[in-house]
Amino acid sequence: GLDTAAPQTILYEGASAGSRFRAPLKAGLDLIGGAEIREEAQRNDGQGFTYYDIQEQAYSAGLSGRPSRRLSWEAEFGVSRLTDLEGSAVGKRDFNRGRLAVNWRYGGTDLRLAAGSAPKYVRGPGGARYFELMRENSARAEAETAALGWNWLGRAGFYNTNNNTNL
C-alpha cells in the first residue's frame with residue numbers, strides 16, 4: 001500500500017520480438033514456423049528486489065494445408081526455452097508447445113476450431129519462491145459472420161492452467 005509507513009511499488013516489465021514464415025511446399029501445402037524472444041519481469045521497486053526476470057525463446061515449425069477453397073488447417077510443434085535473467089525462478093528449462101487449428105468457410109460464415117498447449121508462468125504464493133511454472137492447455141470454437149450491417153463473433157472454449165497435478 002502506498003499510504004503505509006513502508007510504501008511499495010510493484011513494476012511489471014516486458015519486451016518481445018518475433019518473426020513468422022510461410023514457405024510453399026506444393027499446391028495447397030506450406031511449411032510454417034517462427035521464432036520469438038520475450039522477457040517478462042516483476043520487481044518490487046519500494047524494497048529494491050526482483051520477484052522474477054525470465055526470458056523465453058520460442059521456436060516452432062509445422063505444416064499448413066488448404067485442401068479446398070473453404071477448408072484450411074495448421075499444425076505446429078515447437079519448444080520454449082525459459083532462462084532466468086535475474087532470480088532463481090526456473091533456471092534453464094525447455095518445454096514443448098503445440099498448436100492445431102482448422103478453419104472452414106461456410107457461406108459467409110467462418111467456423112474455427114483451435115487447440116494448444118504451452119508453458120505459462122505466473123507469480124507464485126510468496127515465501128522463498130515468487131514464481132510458478134505451469135502448463136496452459138486450451139481449446140476453443142469460434143463462428144464469425146456479417147449480418148445486419150454488423151460483424152458478429154461468437155467464441156466458446158476453455159483454458160486450463162495447471163502444474164501437471166490435475167486435469
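**Notebook: salt bridges and burial**

I began with Glu13, which at 36% relative accessibility counts as partly exposed. I note at the outset that I am working from a predicted model.

I then looked up the partner of Glu13 and found Arg43, with the closest N and O atoms of this salt bridge 3.0 Å apart. I traced both residues to their strands: Glu13 lies in strand β1 (residues 10-26) and Arg43 in strand β2 (residues 29-44), so that the pair, 30 residues apart, links distant parts of the chain. I checked the burial of Arg43 as well, and because its relative accessible area of 18% falls under the 20% cut-off, I recorded Arg43 as buried.

Next I looked at Glu142, whose salt bridge with Arg112 has its closest N and O atoms 2.9 Å apart. This pair also links distant parts of the chain, since Glu142 sits in strand β7 (residues 129-147) and Arg112 in strand β6 (residues 109-126), 30 residues apart. Here I entered Glu142 as buried at 12% relative accessibility, whereas Arg112 is partly exposed with a relative accessible area of 23%.

I also looked for salt bridges that share partners, and wrote down one network that joins Arg20, Arg22, Asp30, Glu74, Glu76 and Arg99.

I turned after that to Glu40 and Arg38, whose side chains meet in a salt bridge at 2.8 Å, N to O. I noted Glu40 as partly exposed, with a relative accessible area of 25%, and Arg38 as partly exposed too, at 26% relative accessibility.

Finally, I recorded the total from a search of the whole structure, which finds 17 salt bridges.

How values were computed:
Residues numbered from 1 in each chain as written. Predicted model: local features only at pLDDT ≥ 70, side-chain atom pairs only at ≥ 80, totals over all residues. Heavy atoms only, no water. Salt bridge = Lys/Arg side-chain N within 4 Å of Asp/Glu carboxyl O. Helix = DSSP H or I, 4+ residues; strand = E, 2+ residues; numbered from the N terminus. Buried < 20%, exposed > 50% of the residue type's maximum accessible area, 1.4 Å probe, protein only.
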